[in-house]
Amino acid sequence: MTSGLMNGGGSVSATKISLRLQYYVLLAGVGAVLVVACLKYMPAAAAVAAAGYGSWPGAQGSGLAVATRAGEAAAASEKASGGRSPVVIFNFGDSNSDTGGMAAANGMNIALPEGRTFFRRPTGRLTDGRLVIDFICESLNTPYLSPYLKALGSDFSNGVNFAIGGSTATPGGSPFSLDVQLHQFLYFRTRSFELINKGQRTPIDGEGFRNAIYAMDIGQNDLSAYLHLPYDEVVAKIPLVVAHIKFGIETLYAHGARKFWIHGTGALGCLPQKLSIPRDDDSDLDGNGCLKKYNNVAKLFNERLAEACNQFRQRMADATIVFTDMFVIKYDLVANHTKYEIERPLMACCGNGGPPYNYNHFKMCMSGEMQLCDMDARFISWDGVHLTEVANSIVASKLLTGDYSKPRIKIASLVNSTTPHDG
């Protein structure tokens, strides 16, 4: 085992070498693309106009309050509460919620077009703008989460983002797998309490740790590593992945966490990256052009994770554990794409090859031969794997209603909650 945290895991060793090999290859590929991008685009990135916020017909009243000055609002709240942020979030995950951790860890100067819309500059997010976690922060009037490994400009007063692109729930599957992220949190927590006990001020005090929301969005990379296997073999791997996430929740609970916000995985079979893999025929495609096998794996994973969260609610009576089914939300983007004014739901905005998927594993987004959609074009996929800001904004608006969560509560209700929600 790579971590002293893991004292179980069953047959992890049997799959560890294969999973690690696949993901080192994956991370090497991502790293190569980013290095090429750095070399090609680092000199004087041209200014670009900000794209409009991702709205769609009927979006009014959707529950997503866009706070473009979230930092100022949070500062006012902190002043009213004696300088402490009323909202604290500790986030664990992969590139779906990485706000710059991978770039900081690897020392990569990512360039445009990453971040070209809202930020108008690269931020380390693997998309053109904001992520779902950013919209969550905006809805809570708190600043965007700083990556744990970001040396300069970080502000941990409202929480820490431990998510790193390419991360897995399985130990050894990636350099910053969930167990490593948990170790980082425990170090941060231990060091904070050491300083508190010495009478020194810390970004987050004891109450902040107790009342924090502990968010987790991880598992997609684990599943992706197995999708080349026969369906039955992939299904057999799911319990192990869920077991590692369960252990993460248990570890956090044992160290005082009581408010959990857990995300399931999305529609893997609708990703341009998966769809571009050569296939003998289209018999595995559903009515919306997505791969049924991959989506069935994602749905089954979510079912197992939801069951685990339900079991925790029964065992941890003093905790609130919310599970959100991201598959339903993200698949709706494809199934009802015209509703959101999206013309090509299965095509990457930034990639290579043009229709139908604009994805080429050897000429990916940020390469010298990338083909990039217009700034005002509405796409679901940014680079074949990650969502665009437009898509993330729609996903967040639905997530924030609480309608896709079990129990059906809004994340905002967790901030000041002092009693568990049993749903």
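Here is a short tour of the model in your viewer, one selection at a time.

Before you click, remember that this is a predicted model, where local features need pLDDT of at least 70 and side-chain atom pairs count only at pLDDT 80 or more, while totals for chains, interfaces and linings use all residues. Residues are numbered from 1 along each chain as its sequence is written, and side-chain values use heavy atoms, with hydrogens and water left out.

**Whole protein**

Start with a cartoon view: the protein has 13 helices and eight strands. Those are DSSP runs numbered from the N terminus, with helices being H or I of at least four residues and strands E of at least two. Of the 423 residues, 56% are buried. Buried means under 20% relative accessible area, exposed means over 50%, and partly exposed is in between (1.4 Å probe, protein chains only). Now for contacts, meaning heavy atoms within 4.5 Å: among those with a separation of 6 or more, 72% are between residues 24 or more positions apart.

**Helix α4 and a neighbour**

Select residues 132–139, which make up helix α4. How much of α4 is buried? Seven of its eight residues are, so the helix is largely enclosed by the rest of the structure. The buried ones are V132, I133, D134, F135, I136, C137 and E138. Step just past α4 to N141, which takes a positive phi of about 55°.

Next, pick E389 in helix α12 (residues 389–399). Is E389 buried or exposed? With 4% relative accessibility, E389 counts as buried. Leaving aside residues up to four places away in sequence, E389 touches T117, F118, T127, D128, G129, R130 and F135. That last one, F135, is among the buried residues of α4 you just selected.

**The aromatic rings**

Show the Phe, Tyr and Trp side chains. Rings (the six-membered one for Trp) pair if their centres lie within 6.5 Å; planes under 30 degrees apart are stacked, over 60 edge-to-face, and the rest tilted. By this rule there are 18 aromatic pairs.

Zoom in on F156 and F188, an edge-to-face pair at 5.8 Å centre to centre with 85° between the planes. F156 is in the loop between α4 and β2 (159–161) and F188 is in helix α5 (residues 178–197), so the pair ties together parts 32 residues apart in sequence. Both F156 and F188 are buried.

Then go to F185 and Y214, also edge-to-face, at 5.7 Å centre to centre and 90° between the planes. Here F185 belongs to helix α5 and Y214 to strand β3 (residues 213–217), so this pair ties together parts 29 residues apart in sequence. F185 and Y214 are buried too.

To see how ring pairs join up, select F90, F92, Y148, F156, F162, F185, F188, F193, F209, Y214 and F260: they are linked into a cluster.

**Charges over rings**

A charge sits over a ring if NZ of Lys or CZ of Arg is within 6 Å of the ring centre and within 35 degrees of the ring normal. Try R258, whose charged end sits over the ring of Y253, 3.8 Å from its centre. Then look at R125, with its charged end over the ring of Y144, 5.7 Å from the centre.

**Last stop: V235**

Finish in helix α8 (residues 231–254), where you will find V235. At 25% relative accessibility, V235 counts as partly exposed. Measure across to A298: the two are 63 residues apart in sequence and 9.8 Å apart in space, C-alpha to C-alpha.
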